[in-house]
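Thanks for making the time this morning. I would like to walk through a few places in this model, and please have the sequence and the structure open while I talk.

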Amino acid sequence: MESHFYAMLSRMKYIERWALMKNSEIENISEHSMEVAMLTHGLAIIGNVRLGKTLNVERAALIGLFHDCTEIITGDMPTPIKYYSEDITNAFKEVEEKAAAKLLDMLPQDMQEYYEGLFYKEEEDAYLWQLEKAADKLSALIKCIKEENAGNREFVLAKKTLEETLKKMELTEVEIFMKDFLPSYYKTLDELH
């Protein structure tokens, strides 16, 4: 049986993010998903090493890696539109679920179970999904910092909103990341050596 699953996933690089914003550097969902995977992994490691938790860091990375794959079908819906009203938010969640089902159906039946928990939230991974959501916001904040560093003021309000959102999440892993790792994103390459 011919399967289109991986060919579809390879198209993540064609879906651009931040469509309503003037960007100095274009970002696609493939790049974003890789960054979210690294950040989710890092937050889980912080949880284990600094907070004594026993989180599955590899699973955290996979959740981050696949978190936006449905956007191959739906496109990247800008946040102001996606969360404009409860009706729109709920409708978009339904569209995302249908997109996830379509992608899963592209896999042979004997492989689907390995991806279901990455497309649909399972109770045992609830905390990892919280970390993924935080990593997604951190990735967006990092994008804002990069744009600000490039002299683009278009992201100033988004940056402030993201900082407030991350604080409201009240995740100690995020607080540690923002204290110990986020300041480096303000530095130039020469300053990182």
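Let me begin with Ile88, which in this predicted model is partly exposed, because its relative accessible area is 34%, and partly exposed here covers the range between under 20%, which would be buried, and over 50%, which would be exposed. Ile88 sits in helix H6, which spans residues 86-105, and together with Leu20, Ile81 and Tyr84 it makes up a nonpolar patch on the surface, whose combined accessible area is about 430 Å².

From the surface I turn to a buried charge. Glu35, which belongs to helix H2, is buried and yet has no salt bridge. Which side chain of opposite charge is nearest to Glu35? That is Lys146, at 4.2 Å, and since a salt bridge requires a distance within 4 Å, the pair is not counted as one. If we set aside neighbours within four places in sequence, the contacts of Glu35 are Glu27, Ser139, Ile142 and, again, Lys146.

Helix H2 comes up once more with helix H10, residues 172-180, where the buried residues are Glu173, Val174, Ile176, Phe177 and Met178. Their cover includes helix H2 (29-51), along with helix H8 (126-149) and helix H9 (156-168).

Finally, please look at Glu191, in helix H11, which runs over residues 189-192. A polar atom of the Glu191 side chain lies 2.7 Å from the backbone nitrogen of Thr188, whereas the C-alpha atoms of Glu191 and Lys159, which are 32 residues apart along the chain, are separated by 23 Å.

Methods. Residues numbered from 1 in each chain as written. Predicted model: local features only at pLDDT ≥ 70, side-chain atom pairs only at ≥ 80, totals over all residues. Heavy atoms only, no water. Patch = residues over 30% accessible without salt bridge, like charges linked within 9 Å, V, L, I, M, F, W, Y side chains within 5 Å. Areas by Shrake-Rupley, 256 points an atom, 1.4 Å probe, with all protein chains shown as cover. Helix = DSSP H or I, 4+ residues; strand = E, 2+ residues; numbered from the N terminus. Buried < 20%, exposed > 50% of the residue type's maximum accessible area, 1.4 Å probe, protein only. Contact = heavy atoms within 4.5 Å. Polar contact = N/O pair within 3.5 Å; in protein donor to acceptor, adjacent residues only side chain to side chain. Lys, Arg positive; Asp, Glu negative; His and termini not counted.
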